[in-house]
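Hi,

Here is the structure I promised to pass on. Have a look at it first, and my notes on what turned up are underneath.

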Amino acid sequence: MFIKQVIIHGFKSYREQTVVEPFDHRHNVVVGRNGSGKSNFFYAIQFVLSDEFSHLRPEQRQALLHEGTGPRVVTAYVEIIFDNTDNRVPIERDEIVLRRVIGAKKDQYFLNKKMVPRSDVMNLLESAGFSRSNPYYIVKQGKINQMATAPDSQRLKLLREVAGTRVYDERKEESTTILKETEGKIEKIQEFLRTIEERLKTLEEEKEELKEYQKWDKMRRSLEYCIHDRELKEYQKWDKMRRSLEYCIHDRELK
């Protein structure tokens, strides 16, 4: 993987669109007179690839925009085209186009002409070995001496970043956080289920009590029916006898 082309527009000393190409896949040397834009050219590459220009104050944003004569520049962009024939970037394309646009208030990232979140771009670069916090692929003055005299823990951290494993460590932390949140939600759900189970147990007891009540109530109504039926039959019997006697008396009186 290597840079094929760099396009700069409105960034620092590059007011008009400037296309820098071609690049060799092994070594490239940038030469020029003082003030010709060599440093700003490397700043442009850092602007897209490193984490150095991530949290910018308004005055820092303005400093990245061209401030020469003529109309005021309100937006700038740097576009880097990579050769990806070795599939170092996990995208099935031989050419990767990465552009960052900066304005007075916000940034925008474009991957292969499509706008994407900054986090997606950073994770993609991490997976390809472009470390955000310690970009080993851009070595400034004094950086080699700093690395040589750094403690073992810092060098180990650098090796992990060079290997591109930091993105997985961050994803692990994110997954751990999500796991803890999920465990908390599971605990709340379990507490809710325990409450429901207790309520169901109470309802089951009430259900059994209701069944017992319905059983005895049915027996009570059956007894009441039997008693009422017996009383009715007894009444009908005596009423029949009364009417028979009345009939006999009435008949005798008539005679």
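**Leucine 200 and the surface patch**

Let's start with leucine 200, which counts as exposed because its relative accessibility is 51% and the cut-off for exposed is over 50%. Before you read on, keep in mind that this is a predicted model. Leucine 200 is found in helix α6, and that helix covers residues 166-254.

Which residues form a nonpolar patch on the surface with leucine 200? The other members are Ile189, Phe192, Leu193, Ile196 and Leu203, and together the patch has about 550 Å² of accessible area.

**Further along helix α6**

Arginine 243 sits in helix α6 as well. At 44% relative accessible area it is partly exposed, because that label covers values between the 20% and 50% cut-offs. If you want a feel for the distances here, try arginine 243 and alanine 44: they are 199 residues apart in sequence, and their C-alpha atoms are 124 Å apart in space.

**Aromatic pairs**

How many aromatic pairs does the structure hold? There are three. One of them joins phenylalanine 11 and phenylalanine 47; it is tilted, with 5.0 Å from centre to centre and 40° between the planes. This pair links distant parts of the chain, 36 residues apart: phenylalanine 11 is in the loop between β1 (2-9) and β2 (18-20), while phenylalanine 47 is in helix α1 (residues 38-49).

Are these two rings buried or exposed? Phenylalanine 11 is buried, with a relative accessible area of 0%, and phenylalanine 47 counts as buried at 0% too.

Phenylalanine 23 and phenylalanine 41 make another pair, this one stacked, at 6.3 Å centre to centre and 10° between the planes. Phenylalanine 23 lies in the loop between β2 and α1 and phenylalanine 41 in helix α1, so the pair ties together parts that are 18 residues apart in sequence. Both phenylalanine 23 and phenylalanine 41 are buried. Phe42 comes into the picture here as well, since ring pairs link Phe23, Phe41 and Phe42 into a cluster.

**Charges over rings**

Two more spots to click on. Arginine 99 lies over the face of tyrosine 77, at 3.9 Å from the ring centre. Over in another part of the sequence, lysine 237 lies over the face of tryptophan 238, at 5.9 Å from the ring centre.

Shout if you'd like to go through any of this together.

Cheers

Key
Residues numbered from 1 in each chain as written. Predicted model: local features only at pLDDT ≥ 70, side-chain atom pairs only at ≥ 80, totals over all residues. Heavy atoms only, no water. Helix = DSSP H or I, 4+ residues; strand = E, 2+ residues; numbered from the N terminus. Buried < 20%, exposed > 50% of the residue type's maximum accessible area, 1.4 Å probe, protein only. Patch = residues over 30% accessible without salt bridge, like charges linked within 9 Å, V, L, I, M, F, W, Y side chains within 5 Å. Areas by Shrake-Rupley, 256 points an atom, 1.4 Å probe, with all protein chains shown as cover. Salt bridge = Lys/Arg side-chain N within 4 Å of Asp/Glu carboxyl O. Phe/Tyr/Trp six-rings, centres within 6.5 Å; stacked < 30°, edge-to-face > 60°. Lys NZ or Arg CZ within 6 Å of the ring centre and 35° of its normal.
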